[in-house]
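Hi,

Here is the structure I promised to pass on to you. Have it open while you read, and my notes on what turned up follow right below.

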Amino acid sequence: MPVTRFSPDGLQPHTPYHHVAVATGSRHIHVSGQIARLGDGTPVAPGDLSGQVAQALRNTGRALAGADASFEDVVRLTFYVTDWAPEKIGPFMAGIESVVEELGLPWPLPPASLIGVDYLFEPDVLVELEATAISQ
């Protein structure tokens with residue numbers, strides 16, 4: 001396997017992601033920010049953070065598959081969430097958990113960051129997800 005994920009002793013425990021990913025592959029795959037839209041541009045889950053997180057992950061999975069990769073190859077996820085507040089962690093995590101089995105997401109997740117932003121490129125977009133993967 002080209003990616004090994006782990007969390008060394010001394011780092012914050014009980015996170016839903018690993019703190020470190022080590023990749024040994026020759027193909028670098030960078031997936032641009034994915035949002036909750038269908039292939040024809042139709043918005044998915046307007047006003048629903050959980051639903052938008054799930055759809056952004058589905059779209060990221062499609063992008064990875066297009067590069068002959070999967071979430072097993074992912075070394076980094078970066079989530080951007082509008083108007084972030086700590087009380088949004090429940091719906092955010094519910095969106096991830098709702099597609100773990102469907103998409104074959106590794107659990108804990110690869111190293112990840114959640115960055116709060118004022119807004120994204122369209123007012124109805126609540127979350128955007130970037131991914132970096134390494135494969136053979």
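Let's start with a pairing: V3 has A23 in strand 2 as its bridge partner. That match is part of a wider one, as strand 1 and strand 2 (residues 20–23) run antiparallel and are joined by 4 bridges. Please keep in mind that this is a predicted model.

Strand 1 itself covers residues 3–6, and its side chains alternate. V3 and R5 are buried and point to one face, whereas T4 and F6 point to the other face and are not buried. It's worth turning the model around to see both sides.

In the loop that leads from strand 1 to strand 2 you'll come across H14. This residue is not a glycine, yet its phi is positive, at about 60 degrees. Is H14 buried or exposed? It counts as exposed, because its relative accessibility is 81%.

H14 has company. A45, another residue other than glycine, has a positive phi near 55 degrees, and A45 sits in the loop between strand 3 (27–34) and helix 1. D68, just after helix 1, takes a positive phi of about 55 degrees. Why point these out? Because most residues other than glycine have a negative phi, and most peptide bonds are trans.

The second half of that remark has its own exception here: the peptide bond joining W107 and P108 is cis, with omega about 0 degrees. You'll find P108 in the loop between helix 3 (100–103) and strand 5.

Now to helix 1, which spans residues 49–66. From its first C-alpha to its last, this helix of 18 residues reaches 26 Å, close to the 26 Å expected at 1.5 Å a residue. Helix 1 is mostly covered, with 13 of its 18 residues buried. What caps its N-terminal end? That would be D48, with a side-chain oxygen 3.2 Å from the backbone nitrogen of S50.

A couple of contacts link parts of the chain that are far apart in sequence. P46 lies in the loop between strand 3 and helix 1, and its C-alpha is 7.9 Å from that of V125, although the two are 79 residues apart in sequence. P46 counts as exposed, since its relative accessibility is 62%. I134, in strand 6 (residues 127–135), makes the other link: its C-alpha is separated by 6.0 Å from that of I29, and the two residues are 105 apart along the chain. With a relative accessible area of 7%, I134 is buried, because the cut-off for that is under 20%.

Last, the largest pocket. Its volume is about 160 Å³. The residues lining the largest pocket are P16, Y17, F79, I89, F92, M93, I96, L109, A112, S113 and L114. Helix 2 (89–97) and strand 5 (112–117) are the elements that give two or more residues to this lining. Which element gives the largest share of the lining? Helix 2 does, with 4 residues. By class, the lining has 10 nonpolar residues, 1 polar and no charged ones.

That's the tour. Have a look around and write back with any questions.

Cheers

Methods
Residues numbered from 1 in each chain as written. Predicted model: local features only at pLDDT ≥ 70, side-chain atom pairs only at ≥ 80, totals over all residues. Heavy atoms only, no water. Buried < 20%, exposed > 50% of the residue type's maximum accessible area, 1.4 Å probe, protein only. Pairing = 2+ DSSP bridges. Expected span 1.5 Å × (residues − 1). Polar contact = N/O pair within 3.5 Å; in protein donor to acceptor, adjacent residues only side chain to side chain. 1 Å grid on protein atoms, 1.4 Å probe; cavity = no way out; pocket = protein on both sides within 12 Å on 5 of 7 lines; lining within 4 Å. Points joined across faces, edges and corners; volume = space filled by probe spheres on them. Nonpolar A, V, L, I, M, F, W, Y, C, P; charged D, E, K, R; others polar.
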